[in-house]
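Colleague: Please take a close look at a single part of this model, the site around the ligand, and describe it in plain terms for a first-year student.

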Amino acid sequence: MVRMETKIHILPEALCNKIAAGEVVERPSSVVKELLENSLDAGASDILIELEAGGKRLIRISDNGCGMNRQDAFLSFERHATSKIRTDTDLFALTTLGFRGEALASIASVSRLRLTTSDNDEGLGQQIYAEGGKIKSATEVGFPQGTTIEVRNLFFNLPARKKFLRKEQTELGHAADVVTKQALANPAVSFRLKHNERIMVDLRREKGVRERVAALLGRSLLSDLLPVDRQNSADLQLTGLISQPQLTRSASSHIYTFINGRYIRDRVVQHAVMDGYRHLLMKGRYPVVVLFLQIDPAQIDINVHPTKHEVRFREQSKIHDLIAESLRQTLRPAGWLDTKADTQITGQA
Ligand SMILES: Nc1ncnc2c1ncn2[C@@H]1O[C@H](COP(=O)(O)OP(=O)(O)OP(=O)(O)O)[C@@H](O)[C@H]1O
Ligand SMILES: [Mg+2]
């Protein structure tokens, strides 16, 4: 007997969005990350992050970036809708943090989301409200140029995931961590973080990374940090600040590494950093590192994981050695490598 009906069916779009959301939206801090990236890509110089109940009740991010017109505002809720890439070659010439065109659609599908935006200085804006990804209302509003996105009741329609959310303070900690990372990478942008109406972080625009590190991690830290500045070629450059070996931490959470302005937690990079400190730190101790690798986007693949926390290098060992070697050279003139350790390291180079 031939059976005509199929076993396979195409899933409804709302369910696809929920599945996609599962990949990028794990907790309030994931929303904060995605929205901050959008604000930065929009060229914002002032960003306000407001949270309630650790972001579980409310996440509101306001920027003074380029904003969107009416049509774009509607399109931004669609999956695979982006202004950032057009063709597959663009994937290897990325200059923006976003490119998948999925974040807003994903976040909207698991929350109550209100987008207010304006792309002009006449004060004419658009407001769109969606519940579980379904647009419920759209109105014209008076609004200065920029964008505010309000995300309420995250996972209200995904109770299984909501159960995994932690205490308010824990979620707030994750969100604050995301703000710290973006703030380190973007010293020229002001960031304010408010939690339950209380100001937690207030960072004005700064000239450079040094000033931002001082504001974020403490001015007293600066005297123990050494500058790294290594230009390998026109499109490979390493800059930042690293701690002298006497300044250590008990966890690797103070190692901040960025590739083309994007925070990355990469195994190869992490290993290279620790390699640079080899013989200098006690077991179980970690340095404070804020390191920026600027690399030709054609040399990396960032499309590895939806959260973009990982990267693949074309020339992995070259990058590893550049980082490890630069750190060693930075630490050496400071007198921290004794001759014995020095020979060992040169021997391995
Ligand atoms: N704060 C903002 N200011 C101006 N435009 C924005 C803002 N947020 C989103 N957009 C517009 O909406 C589009 C969709 O945003 P979304 O975050 O979903 O995708 P993306 O940033 O392009 O890619 P990704 O999914 O990798 O983040 C963006 O490409 C951008 O054009
Ligand atoms: Mg985005």
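Modeller: What follows describes the ligand site and then the pocket that holds it.

This is a predicted model, in which local features need pLDDT of at least 70 and side-chain atom pairs count only at pLDDT 80 or more, while totals for chains, interfaces and linings use all residues. Residues are numbered from 1 along each chain as its sequence is written, chains are lettered from A and ligands numbered from 1 in the order in which they are written, and side-chain values use heavy atoms, with hydrogens and water left out.

There are 21 residues around ligand 1, where a residue counts as near if one of its heavy atoms lies within 4 Å. Thr82, Ser83, Lys84, Glu102 and Lys308 come nearest. By class, this shell has six nonpolar, nine polar and six charged residues. Here Ala, Val, Leu, Ile, Met, Phe, Trp, Tyr, Cys and Pro count as nonpolar, Asp, Glu, Lys and Arg as charged, and the others, Gly among them, as polar.

Two helices, α2 (28–41) and α4 (103–109), each supply at least two residues of the shell; helices are DSSP runs of H or I with at least four residues, strands are runs of E with at least two, and both are numbered from the N terminus. The most comes from α2, with three residues.

Some atom pairs can be named. An oxygen atom of ligand 1 is 2.8 Å from a polar backbone atom of Glu102, and an oxygen atom of the ligand is 2.8 Å from a polar backbone atom of Leu104. A nitrogen atom of ligand 1 lies 3.3 Å from an N or O atom in the side chain of Thr147. On its own, ligand 1 has 590 Å² of accessible area, and the protein covers 94% of that (Shrake-Rupley method, 1.4 Å probe).

Ligand 1 sits in the largest pocket, meaning that more than half of its atoms lie within 2 Å of the pocket's grid points. A pocket is an open set of points on a 1 Å grid over the protein atoms alone, where a 1.4 Å probe fits, with protein on both sides within 12 Å along at least five of seven lines; lining residues have an atom within 4 Å of a point. The volume is about 710 Å³. Of the 34 lining residues, Asn38, Met68, Ser76, Ser83 and Lys84 are the closest to the centre. The largest share of the lining, six residues, comes from α2.

How values were computed: A polar contact is a pair of N or O atoms within 3.5 Å; within protein, one must be able to donate a hydrogen and the other to accept it, and residues adjacent in sequence count only if both atoms are side-chain atoms. Grid points are joined across faces, edges and corners, and a volume is the space filled by probe spheres set on the points.
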